[in-house]
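Biologist: I would like to go through this model with you, one question at a time. Please show the sequence and the structure before we begin.

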Amino acid sequence: MIKFLDSYYDKDCGMSYVKIETECGFFEGYAWLNPEDREYESEILGGEVAEMRAISDYYKRKIHFLKAYLFTLYNLAKDIRNNPQFDSEHFEYQILQKRIKQNEEQKEIYKEYIRDIKEAIEYKLEARVQLVDKLKKKKQNNK
């Protein structure tokens, strides 16, 4: 569960900040305004990007924990396979393999979340660049 703790926009330096709390700890996200676009600054976009970056860091941490857990499961499975009485059909070994598969799938889901967030940030920033370009052209044409 993600709980939003703090967010603000520092107009002087054009920085947006978001802090979230999760079961994995606290995460902070930042976004900075391109100084050339100060006239067209958007606190909302900066806040959204900062939030998405904090959430992305949260999923990266979850992947980190899953990797450590999977490392343990892989070592346990290896130890079981090295036993002279190993039987791949044994109930406990099957449960272990199922758990490994579930956690590998969860890790891939988190990676997909991170990719989606990255794409969303890129899309939002590109859309913003296009909007600012239009506004600048319109302003020039009105002079």
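**The hairpin and the two helices**

Modeller: In the hairpin of strand 1 and strand 2, which has four residues between the strands, glycine 14 takes a positive phi near 70°. This is a predicted model, in which local features need pLDDT of at least 70 and side-chain atom pairs count only at pLDDT 80 or more, while totals for chains, interfaces and linings use all residues. Residues are numbered from 1 along each chain as its sequence is written, and side-chain values use heavy atoms, with hydrogens and water left out.

Biologist: How many bridges join strand 1 to strand 2?

Modeller: Strands here are DSSP runs of E with at least two residues, and helices are runs of H or I with at least four, numbered from the N terminus. Two strands pair if DSSP finds at least two bridges between them. Strand 1 (residues 3–10) and strand 2 (residues 15–22) run antiparallel, and tyrosine 8 has tyrosine 17 of strand 2 as its bridge partner. The number of bridges joining these strands is seven.

Biologist: How far apart are the end C-alpha atoms of helix 2?

Modeller: The expected span of a helix is 1.5 Å times one less than its number of residues. Helix 2 covers residues 91–141, so its 51 residues should span 75 Å. The distance between its end C-alpha atoms agrees with this: 75 Å.

Biologist: Is asparagine 103 buried or exposed?

Modeller: Buried means under 20% relative accessible area, exposed over 50%, and partly exposed in between (1.4 Å probe, protein chains only). Asparagine 103 lies in helix 2, and helix 1 (43–81) is included in what covers the buried residues of helix 2. Contact means heavy atoms within 4.5 Å, and, leaving aside neighbours within four places in sequence, asparagine 103 is in contact with Leu66, Tyr69, Leu70 and Leu73. Its relative accessible area is 12%, so asparagine 103 is buried.

Biologist: Which residues does lysine 62 touch, not counting residues up to four places away in sequence?

Modeller: Lysine 62 is found in helix 1. With a relative accessible area of 15%, lysine 62 is buried. Under that sequence limit, lysine 62 touches Glu23, Cys24 and Tyr110.

Biologist: How far apart in space are glutamate 43 and isoleucine 100, C-alpha to C-alpha?

Modeller: Glutamate 43 belongs to helix 1 and counts as partly exposed at 49% relative accessibility. Isoleucine 100 is among the buried residues of helix 2. The two are 57 residues apart in sequence, and their C-alpha separation in space is 43 Å.
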